[in-house]
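Dear colleague,

Please find below the structure that I am handing over to you. My notes on what was found in it follow directly after.

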Amino acid sequence: MSAFRFLQVSDLRFGAVPPLPELEIDGRVRRLLVEDQRRVLERIVALAGEHHADAVLVAGDLLDDAHATPEDADHLVRALAS
């Protein structure tokens, strides 16, 4: 019987924007934050492949309820499905 391999991540909170009033979170800054989150997500997918994970377990919040857009959710679903 072979071992079943898991990759576990938690609290991705995709689409989150830092709640810092001193930062002016405009469209440009939000795009940069989302691009960074997408790179992290791509790295998670790559690590799952590199380590031949049979499943990826995602604990905690996938999306940030207050800030995630439908596009953020679509990207997250497509990336995790890959």
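Asp-11 is partly exposed, because its relative accessibility is 44%. In this predicted model, Asp-11 sits in the loop between S1 and H1, and its phi is positive, near 50°, although the residue is not a glycine. Most residues other than glycine have a negative phi. His-52 also departs from that pattern, with a positive phi of about 50°. His-52 belongs to the loop between H1 and S2 and comes after H1 in the chain. With a relative accessible area of 60%, His-52 counts as exposed.

Overall architecture and confidence

The chain contains two helices and two strands, arranged β-α-β-α from the N terminus on. The C-alpha trace spans about 55 × 20 × 20 Å along its principal axes. Of the 82 residues in the chain, 18% are buried. The exposed area of the chain is about 5900 Å², and 57% of it is supplied by carbon and sulfur atoms. Among contacts between residues at least 6 apart in sequence, 80% join residues at least 24 apart.

As to confidence, the average pLDDT of the chain is 84, and 90% of the residues score at least 70. The mean is lowest in H2, at 85, and highest in strand S1 (residues 6–10), at 92.

The two helices

H1 comprises 24 residues and reaches 34 Å from its first C-alpha to its last, close to the 34 Å expected at 1.5 Å a residue. Its buried residues are Val-34, Gln-37, Leu-41, Ile-44 and Ala-48. The cover over these residues includes S1, S2 and H2.

H2 has twelve residues; from first C-alpha to last it reaches 16 Å, close to the 16 Å expected at 1.5 Å a residue. Which residues of H2 are buried? They are Asp-72, His-75, Leu-76 and Ala-79. Because these residues cover an arc of only 100° around the axis, they lie on the same side of H2. On the other side of H2, Pro-70, Val-77, Arg-78 and Ala-81 are exposed. The buried residues of H2 pack against helix H1 (27–50).

His-75 gives a specific view of this packing. His-75 lies in helix H2 (residues 70–81) and is buried, because its relative accessibility is 14%, where the cut-off for buried is under 20%. Not counting residues up to four places away in sequence, His-75 touches Phe-14, Arg-38 and Leu-41. Leu-41 is itself one of the buried residues of H1.

The loop between S2 and H2

Leu-63 is placed in the loop between strand S2 (55–59) and H2. It is partly exposed, at a relative accessible area of 27%. Leaving aside neighbours within four places in sequence, Leu-63 is in contact with Arg-13, Phe-14, Ala-68, Asp-72, Ala-73 and Leu-76. Two of these partners, Asp-72 and Leu-76, are among the buried residues of H2. Phe-14 is also touched by His-75. By contrast, Leu-63 and Gly-27 are 19 Å apart, C-alpha to C-alpha, with their positions 36 residues apart in sequence.

Salt bridges

Side chains of opposite charge can pair when their charged atoms come close. How many salt bridges does a search of the whole structure find? The search finds four.

One of them joins the side chains of Arg-13 and Asp-61, at 2.8 Å from N to O. This pair links distant parts of the chain, since Arg-13 is in the loop between S1 and H1 and Asp-61 in the loop between S2 and H2, 48 residues apart. Another joins Asp-64 and Arg-13, at 2.5 Å from N to O. Here too the pair links distant parts of the chain, Asp-64 being in the loop between S2 and H2 and 51 residues from Arg-13. Arg-13, Asp-61 and Asp-64 are thus linked in a network of salt bridges.

The members of the network can be described by their accessibility. Arg-13 is partly exposed at 33%, and Asp-61 is partly exposed at 36%. Asp-64, however, is buried, with a relative accessible area of 6%.

A further salt bridge is formed by Arg-43 with Glu-50, the closest N and O atoms being 3.0 Å apart. Arg-43 is partly exposed at 43% relative accessibility, and Glu-50 is partly exposed with a relative accessible area of 47%.

With kind regards

Terms used: Residues numbered from 1 in each chain as written. Heavy atoms only, no water. Helix = DSSP H or I, 4+ residues; strand = E, 2+ residues; numbered from the N terminus. Buried < 20%, exposed > 50% of the residue type's maximum accessible area, 1.4 Å probe, protein only. Contact = heavy atoms within 4.5 Å. pLDDT = per-residue confidence, 0-100. Expected span 1.5 Å × (residues − 1). Arc of directions from axis to C-beta. Areas by Shrake-Rupley, 256 points an atom, 1.4 Å probe, with all protein chains shown as cover.
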